[in-house]
Amino acid sequence: MQKITLEQELADNIPPSAKKILVAVSGGIDSVVLLSLLSRQAKALRLSIEVAHLDHQLRVESSSDADFVVNMCARLGIRCHCESCDVARLAERTKSSLEMAGRQARQEFLQRVRSKVGAEFIALAHHRNDQVETFLLRLLRGSGVSGLAAMYSCSAEWLRPLLNCSRKQIMAYANEHELDWVEDFSNTDTAFLRNRLRNTIVPQLQDINPQLNKRIVGLIEQVKEEEGYWQEQVAIALPAILISSDDGVRLERQALLKLHPALRLRLFREVLRQVRGDLQRIGSVHLQAVEDLLLQNRSQAQIDLPDCW
């Protein structure tokens, strides 16, 4: 069986509709490899690429990381968009974790720059190891089954062309092409749950089963396959139970009660996504709370959910 190279994987995962891609580059090895691959194949793939970098201001050396990305882009002749955000202050203001605040700031920045430059997609450097960590994080945080599909190679404007590649492949490419990158030493800080998973828990699980990553990725693919079916059912069922969507979303209760509970939970998930714009902080406990509300015999009742009711 022939081994798939990073170059092949990248080419296979660039949508035909992509003409311009905004590449999120932190300066770490993963994003540097992604940028190198895209810049080398841009002509063959008929792509225009630009780079975006957000300084989170969480480390003393973070401004030098930004300088590294700017200089790298200058050498490659690629336009670079750099901004900074006081993520610690944002976390304090929004009463969220540093991880959540950083994610929010990064997404808003990337989406704003994408719109500004007219790119169809934002390329992220997530790989197979990140996929395994995301699955475990969602499992620990109480995700429903749908959330265990973890990340997709292409989802709306988000593109992850290296999602099926291993960290080992990425390191081998970086060494082969003698690439430079910056090390973010906060990645070793076990105060962050993802770091504890990456540096402690996953290696321990791999001691028990060296095929851990393969097994989890296989399960993720199975969940995605089944969720593809369920999303087709949601698309069919939702119009039939929808009363209105001009001010929030109103659904017909008796029609909902006739549906299978598995379909109902996925309908609640989709409606919450439409109302909120995303599903951040929505877990299986919230979907079950909506289900419990539906099954009550009270004439009026309400529940408060993250960012909606």
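Which helices and strands each supply at least two residues of the lining of the second largest pocket? They are β8 (250–251), α10 (253–257), α11 (261–276) and α12 (284–295). This is a predicted model: local features need pLDDT of at least 70, side-chain atom pairs count only at pLDDT 80 or more, and totals for chains, interfaces and linings use all residues. Residues are numbered from 1 along each chain as its sequence is written, and side-chain values use heavy atoms, without hydrogens and water.

**Second largest pocket**
- The space in this pocket is about 1,000 Å³.
- A pocket is an open set of points on a 1 Å grid over the protein atoms alone, where a 1.4 Å probe fits, with protein on both sides within 12 Å along at least five of seven lines; lining residues have an atom within 4 Å of a point.
- The lining has 25 residues, and Val249, Arg250, Leu251, Leu293 and Trp309 lie nearest the centre.
- Helix α11 gives the most, with four residues.
- By class, 16 lining residues are nonpolar, five polar and four charged.

**Helix α8**
- Helix α8 (residues 193–208) bends by about 40° at Ile201 (the angle between axes fitted to the seven residues ending there and the seven starting there).
- A proline, Pro203, follows within four residues.
- Leu193, Asn195, Leu197 and Val202 are the buried residues of α8 (under 20% relative accessible area, 1.4 Å probe, protein chains only).
- Their cover includes α5 (98–117), α6 (128–140) and α9 (212–241).

**Glu108**
- Glu108 is found in helix α5.
- Its relative accessible area is 46%, so Glu108 is partly exposed (between 20% and 50%).
- Glu108 and Pro16 are 92 residues apart in sequence and 25 Å apart in space, C-alpha to C-alpha.

Key
Grid points are joined across faces, edges and corners, and a volume is the space filled by probe spheres set on the points. Ala, Val, Leu, Ile, Met, Phe, Trp, Tyr, Cys and Pro count as nonpolar, Asp, Glu, Lys and Arg as charged, and the others, Gly among them, as polar. Contact means heavy atoms within 4.5 Å.
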